[in-house]
Amino acid sequence: MKTPDGPEATRTYRAPSASTRPGYALLVSTAAGTRVVNLGAGPTFTIGRAASCDVCIPDDSLSREHARLSIEGDLSLADLGSKNGSQVAGVRLAPNVPAAVTLGTPMELGGVMLVLQRATPALDGGAPAAQAVAGSAPARGAKAAVVADAGMRHLYALLDVVAPSPLSVLVLGETGVGKEVYAAELHARSSRAKGPFVPLHCAALPESLLEAELFGYEKGAFTGAVNKKPGIFESADGGTVFLDEIGEVPLATQARLLRVLETGEVMRLGSVRPINVDVRFVAATHRDLRALIAEQRFRADLYFRLNGMSIHLPPLRSRRADVRALAEMFLARAATSMKRKVAGLSDAAVARLESYDWPGNVRELKNVIDRTVLLCEGALVEEQHLAVAEPEVFGASVPKRAAPPVGMEDELKARLRGLEQQKIETALAEAGGNQSRAAQALGISRFTLMNKMEAFGLVRPRKGR
């Protein structure tokens, strides 16, 4: 199914109405991502892929005039004799027979999902320029998401509709855009908020270790399995599993993962008895899964099971209004953790940050701010304190900054090395010396942690004699 990307993937053609009747909005989820379409006063809206429709969604699974939505009096949807049909709450509609709908009810038109909701200030761009988006019960270890960009406010507003549903969610976007933060917020706003939120970075582990982490294992299942261990699906029972970089999972593991999604049963490695689990799946990737399917590197059936709804998070260069808010948050956190007296950013520093294209997205911005706080001796960060690359922004070269003073690079490396060692020591202390838990807290593999401990000369409590 071929669909266009970008903001033109969904558009409306009805002129705004002067009616004061409360407005509605449509959450539109296609293979190209998720959009919000604000509706006028109505009373009816034709939906289809034709440009003449009130709500035009150029998706090949839709007929030219697919369905008609009525918001006058009782809310209803009628299929207009479409080729691929329409469903409301999983019930297929007879042609030209209106069916009652309610706010939040899933409506499926061909391969497109629609959800009707009230238009809110957040969807109309009336939210404050910068705000912390926090759920009613933050996921364990989750950080509040700071968003200032109007498009991001739309996506976070969608959580109030998506989070309470049982749908699996696929979060798309470049590396470092904040997919795990979004997934944690989805969990926090769901009915599973009191349950665990368990993330796993699928690309960080080889196939054998990935299966052991996902499904767990019994004692003696393989060399080194001296005790039985539950997998993350068991650990997340009653909560949410977040599978980051799902596109990197090997095909053999994908088949086992599909079984868990379809049956709710997990089979530990070395076991013959399945275990029932109740988890919600949220997956994320920076890869084009449809292209991987075409290359036979990703299972189509797994894709459709995971993609109950897809959310596309834009890169940081496309939401420059977020840069200052994020930079100020990272600066405050870094100043506290490093015990530095850096209080803010100058206007010139903010302008420099906002002009940069951020190929590493939010993760790169955080690293730049961390380094800057470490090196800045004053209370205010100036432009010259920022250590960012020199890309071309909107086709114009950014003026080159002067080279850093001699010895500054060595000083930076020494400070960063000391900071890294301090973080490792803290993580080990908080984990009671358990290297696996410390590695998980640091977001690295256990083998990487052991190598770093060797490099820093730290004692490994469980190292063989």
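What follows is a conversation between a visitor and a guide about a predicted model of one protein chain.

Visitor: What makes up the chain in terms of helices and strands, and how many residues of the chain are buried?

Guide: In this predicted model, the chain has 14 helices and 27 strands, and of its 465 residues 47% are buried. Of the contacts between residues at least 6 apart in sequence, 65% join residues at least 24 apart. The accessible surface amounts to about 22600 Å², with 53% of that area belonging to carbon and sulfur atoms.

Visitor: What makes the sheet containing β16 and β23 an open one?

Guide: The sheet consists of 5 strands in the order β16-β19-β22-β15-β23, with parallel pairing. Its edge strands are β16 (197–201) and β23 (309–312), each of which pairs on one side only. Neighbouring strands in this sheet are turned against each other by 20° on average, direction ignored.

Visitor: How do you know that β19 and β22 count as paired?

Guide: Pairing requires at least two bridges between the strands, and 4 bridges join β19 (residues 240–244) to β22 (residues 280–285), so the two count as a pair, and they run parallel. Within that pair, Phe-242 has Val-282 of β22 as its bridge partner.

Visitor: Why is strand β4 described as largely enclosed?

Guide: A residue is buried when its relative accessible area is under 20%, and because 4 of the 5 residues of β4 (residues 44–48) are buried, the strand is largely enclosed by the rest of the structure.

Visitor: Which strands does β4 pair with, and in what direction do they run?

Guide: Strand β4 is joined by 4 bridges to β6 (residues 67–70), and these two run antiparallel, with Phe-45 standing opposite Leu-69 of β6. Strand β4 is also joined by 2 bridges to β5 (residues 55–56), this time with the strands running parallel, and here Gly-48 stands opposite Cys-56 of β5.

Visitor: How do you know that Cys-53 is not bonded to Cys-56?

Guide: A disulfide is a covalent bond between the sulfur atoms of two cysteines. The cut-off applied to the sulfur atoms is within 2.5 Å, whereas the sulfur of Cys-53 is 6.5 Å from that of Cys-56, the closest cysteine sulfur, and is therefore too far for a bond. The structure as a whole holds 0 disulfides.

Visitor: Why are Cys-53 and Cys-376 called buried or exposed, as the case may be?

Guide: Buried means under 20% relative accessible area; Cys-53 has a value of 1% and is therefore buried, and Cys-376, at 2%, is likewise counted as buried.

Visitor: What puts the buried residues of helix α14 on the same side?

Guide: The buried residues of α14 (residues 446–456) are Leu-449, Met-450, Met-453 and Phe-456. They cover an arc of only 130° around the axis, and therefore lie on the same side of α14. The face turned away from that buried side carries the exposed residues Asn-451 and Ala-455, and just after the helix Gly-457 takes a positive phi of about 75°.

Visitor: Why is Arg-417 called partly exposed, and which residues is it in contact with?

Guide: Partly exposed covers the range between under 20% and over 50%, and Arg-417, in helix α12 (residues 408–430), has 44% relative accessibility and so counts as partly exposed. Leaving aside neighbours within four places in sequence, Arg-417 is in contact with Ala-455 and Phe-456. Arg-417 and Phe-456 are 39 residues apart in sequence, while their C-alpha atoms are 9.0 Å apart in space.

Visitor: Why do Asn-96 and Lys-339 count as exposed?

Guide: The cut-off for exposed is over 50%; Asn-96 stands at 54% relative accessibility and therefore counts as exposed, and Lys-339, at 71%, counts as exposed too. Asn-96 lies in the loop between β9 (91–92) and β10 (99–100), and Lys-339 in the loop between α9 (321–337) and β24 (344–345).

Visitor: What is the phi of Asn-96, and what is that of Lys-339?

Guide: Phi is near 60° for Asn-96, a positive value in a residue other than glycine, and near 55° for Lys-339, again a positive value in a residue other than glycine.

Key:
Residues numbered from 1 in each chain as written. Predicted model: local features only at pLDDT ≥ 70, side-chain atom pairs only at ≥ 80, totals over all residues. Heavy atoms only, no water. Buried < 20%, exposed > 50% of the residue type's maximum accessible area, 1.4 Å probe, protein only. Contact = heavy atoms within 4.5 Å. Areas by Shrake-Rupley, 256 points an atom, 1.4 Å probe, with all protein chains shown as cover. Axes fitted to C-alpha atoms, helices over the stretch in contact; angles between N-to-C directions. Arc of directions from axis to C-beta.
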